[in-house]
Every structure is written in C-alpha cells, then in structure tokens.
Amino acid sequence: ATEHYTKSRADLGYLLIERTGRDKDRLGRLATLFHRARHFRLVAECFDQLGDYARSGQMYEKAGDPANAAEMYWRAKVFARAAICYEASGSFTKAAELWLTMKDKLKAGMAFERAGEIYRAGKALLEANRADRAIPLLQKVPPDDFNFRGACLLAARGLHQAQMSDLAIRRLDMGINGAAIEEGNADLYLEQAVILMDRGQFHKAISPLEMLASWNFSYKDVAERLKRCKTSSAPAQSVQADQPK
C-alpha cells in the first residue's frame, strides 16, 4: 500500500482520510502508511481525527508546522510544548500567556518583550525578580499609553528594590504629574509614602498619607501607616522643640 501510494502522482492523502469514515482502525493503519511515506502533516491529521492531540502535535512539528503543532499541544494540555511551538511560529503573546499560566514569569516576560508588549513584559520580569531587565522596559512606556501610570508604579518599585529610591520617587512624580488624588493614581501616592517610610523619613511620608486619608480614609492601610508615621516622627519633633535657640 505504501509503495502504491508513494508512486502515485495524484494527491490522494486527504481523500484516503475522508474514505476512512473516521473508523479508528482504518485511521491508525493510514497513519502508519503516511508515516512510512514521511508525509507527517497527514499523519498529524489522522491523529487529530483519532483525538490523539499530543501525537498530532509531534507530527506537525516534524512537518515543520509549529503553529498547528501548538494548537494540538494546547488541546492535549501539553502547555510547555505548546508555548515553545507558539514562539517558534511567531505567536509570542500566546506563548507568554501560556508561560504565565504555568507561573514561569521569566519566560513569559521574555515572550511579551518579543511580542512588543513592553508593559506586560516589564511586569512579568519584575515579578520574576529581574528588575535589571524590567525597569528599562517599564520606563519606555509612553505617557499617552493606558498603562503609563501602572508602568511608573512598577518601575518605582523596581528602582526602590535596587536601592535607587530617589529615582523611584521621581518616577512616581512623573506618573502623578501634579494631578489630584483619584482612583487611577492613588497607588502612586501610597507608593511614595511606602518608600519614604522604608527610608525612615516618616515626617515626609505624612503629607501623601494625609492627602490620601482626606480623599478616602479607609483606602488600603493608609490610616495605619499615618498613625505609624505620626508616632515615629513625634519624638524627633519634640527633641527639636526642646533644643535651645
């Protein structure tokens, strides 16, 4: 059968598959025939109809078709191999989202970067403890981008972790851009206070915290932080008041 098939000049592959009538035994024997003839795409089609999606993916890979291989692996829940094939086919966003599903933030970030999604790339890489790669990407998000404020927040966190807190404060200022507190920028004000508190500058942290409290006293842990700052800065203020002029 293989000899007759390989010698035939007619394109019989899909016709033969159709004539199996989805009979499992016939599809299995036909897959063997196509494999001997090294027509791996047709082997993949047989396995697809048999519901053996993982082996179908393998055959699509052998046929040099990573896009279809990725879809088959995804259907088989072989997600790591699906992500690799998505990358090989140029579908970097799909690959990145699969890596996120598998909680591999580093590979997700690298795939998002190749897809040109710099905000999502920076976010994933920062969560993968790769601030060195995340910060430059987050700083490239333009001001007119919907994710600009989020990028400023994440970049500031990365800069603060890298012991560059002054630059972190500056990046938060860029995100706030002198705007009054609202839902969209409240996290930026809070992050300023968090960084100042981490540096022991409790008296400076009071101002953004009081602004947040006047906007929404129950916002996150603002009330608790404000109380801490006032308690921590009170001794320093009393000492200054007691010093002779």
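Is Q58 buried, partly exposed or exposed? In this predicted model, Q58 is partly exposed, with a relative accessible area of 41%. That value falls between the two cut-offs, because buried means under 20% and exposed means over 50%. Q58 belongs to helix α5, which covers residues 53-62. N68 sits 10 residues away from Q58 along the chain. The C-alpha atoms of Q58 and N68 are 10.0 Å apart.

Helix α5 also holds S56. The accessibility of S56 contrasts with the value for Q58. S56 is buried, and its relative accessible area is 0%. The side chain of S56 makes a polar contact with the backbone of A44. The distance to the backbone oxygen of A44 is 2.9 Å. Leaving aside residues up to four places away in sequence, S56 touches A44, F47, D48 and M72.

Three of these partners, A44, F47 and D48, are also among the buried residues of helix α4. This helix spans residues 40-50 and is mostly covered. Of its 11 residues, 8 are buried. The buried set consists of F40, L42, V43, A44, E45, C46, F47 and D48. Charged residues are thus listed beside nonpolar ones, with E45 and D48 among the buried residues. After α4 comes G51. The phi of G51 is positive, near 80°.

Positive phi values also occur outside glycine. Most residues other than glycine have a negative phi. K77 departs from this pattern, with a positive phi of about 65°. K77 lies in a loop, between α6 (66-75) and α7 (79-88). The side of K77 open to solvent is considerable by the cut-off used: K77 is exposed, with a relative accessible area of 63%. N129 is another residue other than glycine with a positive phi, here near 60°. The loop that contains N129 runs between α10 (118-127) and α11 (131-139). N129 is exposed as well, with a relative accessible area of 66%.

The last feature is the nonpolar interior. The largest nonpolar core contains 70 residues. Within this core, F34, L209 and L212 touch the most other members. Helix α14, residues 186-198, supplies the largest share of the core. Its contribution is 9 residues.

Terms used. Residues numbered from 1 in each chain as written. Heavy atoms only, no water. Helix = DSSP H or I, 4+ residues; strand = E, 2+ residues; numbered from the N terminus. Buried < 20%, exposed > 50% of the residue type's maximum accessible area, 1.4 Å probe, protein only. Core = buried A, V, L, I, M, F, W, Y, C linked by side-chain atoms within 4.5 Å. Polar contact = N/O pair within 3.5 Å; in protein donor to acceptor, adjacent residues only side chain to side chain. Contact = heavy atoms within 4.5 Å.
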